[in-house]
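Biologist: Please take one part of this structure and go through it closely. Give me the cut-offs as you use them.

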Amino acid sequence: MSGLPLSGKVALIGGSSRGIGLAVAHRLAAEGAAVVLNGRDADVLDAAVAEVVAAGGRAAGVLGSLATPGIAYAMVDAAREDFGRLDAAINCAGVAEPGGSTILTIDSEEFAAQIDAHLTSAFEVARAAAEVFVAQGSGAIVLTGSAASLGVFGGTGYPAAKGGVNALALAVAAELRPSGVRVNVVMPGAKTRLSTGDEYQAHIDGLRDRGVLDPGMHAAAADPGSVDHVAAIYAYLVSDLAADITGSVFSAAGNFIGRYADPELSLIAYRDHVDTPPYTLDDIDAAFAVRRNP
């Protein structure tokens, strides 16, 4: 496979026994990389590994939930033992929030499960891979976020966990930049078992009817592109073509790719705290009034 963009590279992909993660595994393998897959169902994981190998790729599998300490490290070990190195770490692990869940219905156990499935798994993958990447002075980490973190798809635990993924990635990107390690986030939109069916359709229809989803976003959510379409941005971000990209959050769905602007602080009010007392509420309201009516 020499000459392919990822020829000679080795990647681990959390949550890759089905859906977007499996599509990413296939794309990376097609681009020349050896891949270590992961999932929580042994039969499904074995089938996924066999599928990648049957398509001409090199693949191994590690069973277990990435929220469990040690599983991500086992993936790192498998990459190095089976394929001799590790160049990229991707996390696509996650589960859907219970149908119809809101802040009024989700319980503490369900919320914690969402944090584990999305944010803790991202931490475990990033932590295990970072040790290798810092030591070798190179490597790429790509975590999976969601537009749900913007508050437009309902739920509570899922968007909270995905928002945490963004914050984790930006912090780790800043920390590891001097070591030559890149960290980015992809917010994907694709047709998977989590985004099809009557329950999903009723969910997004309800969000539209409540004014949470605008018509354009509703249309995109109702008919998302394939998992193969979004797999491309993951492959690009772990390739040498993206050697100068780190600390960014991307959106990808179908053949759309977008990049979120860096957060920007806007001034509401300021005065020196050494020589002036704390603001009164009227002071703050006056400052807001100026910004409302420039």
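Modeller: I start with the whole chain, then move to one strand, its neighbours and three single sites.

This is a predicted model, so local features need pLDDT of at least 70 and side-chain atom pairs count only at pLDDT 80 or more, while totals for chains, interfaces and linings use all residues. Residues are numbered from 1 along each chain as its sequence is written, and side-chain values use heavy atoms, with hydrogens and water left out.

The chain has 9 helices and 8 strands (DSSP runs numbered from the N terminus: H or I of at least four residues for helices, E of at least two for strands). It holds 294 residues, of which 44% are buried (under 20% relative accessible area; exposed is over 50%, partly exposed in between; 1.4 Å probe, protein chains only). Take the contacts with a separation of 6 or more: 70% of them join residues 24 or more positions apart (contact means heavy atoms within 4.5 Å).

The 8 strands make one open sheet, ordered 3-2-1-4-5-6-7-8, with mixed pairing (two strands pair if DSSP finds at least two bridges between them). Strand 3 (58-63) and strand 8 (256-259) are the edges, each pairing on one side only. From one strand to the next, the twist averages 20 degrees (axes are lines fitted to C-alpha atoms, for helices over the stretch in contact; angles run from 0 to 180 degrees between N-to-C directions).

Now the part to look at closely: strand 5, residues 139-144. In the sheet order, strand 5 sits between strand 4 and strand 6. Strand 4 (residues 88-91) pairs with strand 5 in the parallel sense, over 4 bridges. One of the bridge pairs is Ala-88 with Ala-140 of strand 5. On the other flank, strand 5 is joined to strand 6 (residues 181-189) by 6 bridges, and the two run parallel. Here Gly-139 has Val-181 of strand 6 as its bridge partner.

Which way do the residues of strand 5 point? Gly-139, Ile-141 and Leu-143 point one way. Ala-140, Val-142 and Thr-144 point the other way. Both sets are buried. That gives 6 of 6 residues buried, and strand 5 is mostly covered.

Helix 5 (residues 157-176) supplies part of the surroundings, lying across strand 5, strand 6 and strand 7 (249-253). Against strand 6, helix 5 runs at about 160 degrees. Helix 5 has 20 residues and spans 28 Å between its first and last C-alpha, close to the 28 Å expected at 1.5 Å a residue (1.5 Å times one less than the number of residues). Its buried residues include Gly-157, Pro-159, Ala-161, Val-165, Leu-168, Val-172 and Leu-176. Polar side chains are on the buried list as well, among them Lys-162 and Asn-166. The buried residues of helix 5 pack against helix 4, strand 5, strand 6 and strand 7.

Helix 4 (residues 108-136) comes before strand 5 in the numbering. Its 29 residues reach 40 Å from first C-alpha to last, close to the expected 42 Å. Helix 4 has a kink of about 40 degrees, centred on Asp-116 (the angle between axes fitted to the seven residues ending there and the seven starting there). Gly-137 follows helix 4, with a positive phi near 75 degrees.

Ser-121 also lies in helix 4. Ser-121 counts as buried because its relative accessible area is 2%. Beyond four places in sequence, Ser-121 touches Leu-66, Ala-67, Asn-91, Ala-93 and Asp-116. The last of these, Asp-116, is the centre of the kink.

Further along the sheet, strand 2 (residues 34-39) is likewise mostly covered, with 6 of its 6 residues buried. Ala-34, Val-36 and Asn-38 point one way, and Val-35, Leu-37 and Gly-39 the other. Strand 2 runs parallel to strand 1, joined by 3 bridges. Val-10 stands opposite Ala-34 in strand 2.

Ser-17 is in the loop between strand 1 (10-14) and helix 1 (19-30). Ser-17 is buried because its relative accessibility is 9%. Apart from neighbours within four places, Ser-17 contacts Leu-22, Asn-38, Gly-39, Val-44, Leu-45 and Ala-48. Asn-38 and Gly-39 point opposite ways from strand 2.

Finally, Leu-267 lies in the loop between strand 8 and helix 9 (281-292). Is Leu-267 buried or exposed? Leu-267 is exposed, because its relative accessibility is 52%. Its C-alpha is 8.9 Å from that of Arg-291, which is 24 residues away along the chain.
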